[in-house]
Amino acid sequence: MSAADDVACVLVAAGRGERLGESRPKALVEVAGMSMVEHAVRAIAASQVRHLVVVAPEANVEHMAELVRAHAASLATSTVVAGGATRQASVARGLDVVPAAADVVLVHDAARCLAPAELYDDVARAVLDHHDAVIPGLPVVDTLKEVDDEGGVRATLPRARLRAIQTPQGFRRSLLLRAHAAAGADEAPDDASMVEALGVPVQVVTGHPDAFKVTRPLDLALAEIVAARSRPAPKPAP
Ligand code: CTP
Ligand code: MG
């Protein structure tokens with residue numbers, strides 16, 4: 001792989017986590033004894049990503065920088081910057097400091113802290129080989145219905161063609177910069193939707209069940225179980 005194929009990851013971790021309802025920012029909440037941001041950095045360090053930019057809450061930049069340092073030894077560069085008022089603003093702050101060597105940029109939510117290294121690699125590989133914009137997605141399990149303001153059903157959506165979209169989302173750097181520059185005042189639901197708004201094709205690849213987003217307390221309980229499952233079993237007492 002040449003330097004032009006360098007992959008960077010912007011890890012957004014600057015949210016407050018209001019729906020989780022913990023006293024500290026969500027990315028600092030612990031899962032199986034380690035903060036969510038550290039889980040994410042560990043997976044990134046085990047992937048082919050070479051440059052990491054972590055976007056932290058303004059008040060926690062120093063603390064997160066310490067946490068990131070502890071896991072980032074295998075990366076070529078790692079930087080921690082302060083985020084903005086919205087996710088989109090936080091991604092933009094991260095993009096500002098992605099090293100010029102990186103031609104591919106992955107954007108990942110720290111809230112999807114258990115996304116495995118192979119998912120980052122699958123998305124990066126799909127960008128390097130085939131597509132300028134790649135997002136992981138899984139089939140939807142619930143029946144989805146569109147409703148009116150009163151809750152009356154307007155339509156049942158055909159599920160076969162629907163995907164629940166995750167992160168990391170991967171892009172040619174120049175395309176992602178263009179999408180952010182063109183984005184309007186309303187916050188976009190994700191980075192891919194800004195690319196879609198440019199009329200550029202976006203490709204879905206198979207996501208991973210462990211890349212679910214920790215949003216509410218029930219998700220945190222699930223994360224504990226998933227993290228414990230992948231942790232090596234303790235050695236039996238002699
Ligand atoms: N995020 C961010 N900057 C913001 C808002 C969100 O970096 N101003 C990040 C979060 O840290 C998270 C990801 O975007 O990793 C997805 O956002 P979400 O799950 O909504 O996290 P929070 O905004 O922290 O949670 P909530 O909406 O419940 O407050
Ligand atoms: Mg949020």
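**Ligand 1 and the cysteines**

In this structure 18 residues surround ligand 1, and the closest of them are Val 12, Gly 17, Glu 18, Ser 90 and Lys 213. The model is a predicted one, and ligand 1 sits in its largest pocket. The points below turn to the surroundings of ligand 1, and after that to the cysteines.

**The shell around ligand 1**

- The residues of the shell around ligand 1 can be sorted by character into six nonpolar, five polar and seven charged.

**Polar contacts and cover of ligand 1**

- A polar side-chain atom of Ser 90, which is also among the closest residues to ligand 1, lies 2.7 Å from a nitrogen atom of the ligand.
- The backbone takes part too, since a backbone N or O atom of Gly 84 lies 3.0 Å from a nitrogen atom of ligand 1, and a backbone N or O atom of Thr 86 lies 3.3 Å from a nitrogen atom of ligand 1.
- Ligand 1 would expose 560 Å² if taken alone, and the protein buries 86% of that area.

**Cysteines without a disulfide**

- The count of disulfides comes to zero, where a disulfide would need a pair of cysteine sulfur atoms within 2.5 Å.
- For the sulfur of Cys 9 the closest cysteine sulfur is that of Cys 113, and because the two are 14 Å apart, they are too far from each other for a bond.
- Seen from Cys 113, the closest cysteine sulfur is in Cys 9, again at 14 Å and therefore too far for a bond.
- Cys 9 counts as buried, with 0% relative accessibility, and Cys 113 is likewise buried, with a relative accessible area of 2%.

Conventions: Residues numbered from 1 in each chain as written. Chains lettered and ligands numbered in written order. Predicted model: local features only at pLDDT ≥ 70, side-chain atom pairs only at ≥ 80, totals over all residues. Heavy atoms only, no water. Buried < 20%, exposed > 50% of the residue type's maximum accessible area, 1.4 Å probe, protein only. Near = heavy atom within 4 Å. Polar contact = N/O pair within 3.5 Å; in protein donor to acceptor, adjacent residues only side chain to side chain. Areas by Shrake-Rupley, 256 points an atom, 1.4 Å probe, with all protein chains shown as cover. 1 Å grid on protein atoms, 1.4 Å probe; cavity = no way out; pocket = protein on both sides within 12 Å on 5 of 7 lines; lining within 4 Å. Sits in = over half its atoms within 2 Å of the grid points. Nonpolar A, V, L, I, M, F, W, Y, C, P; charged D, E, K, R; others polar.
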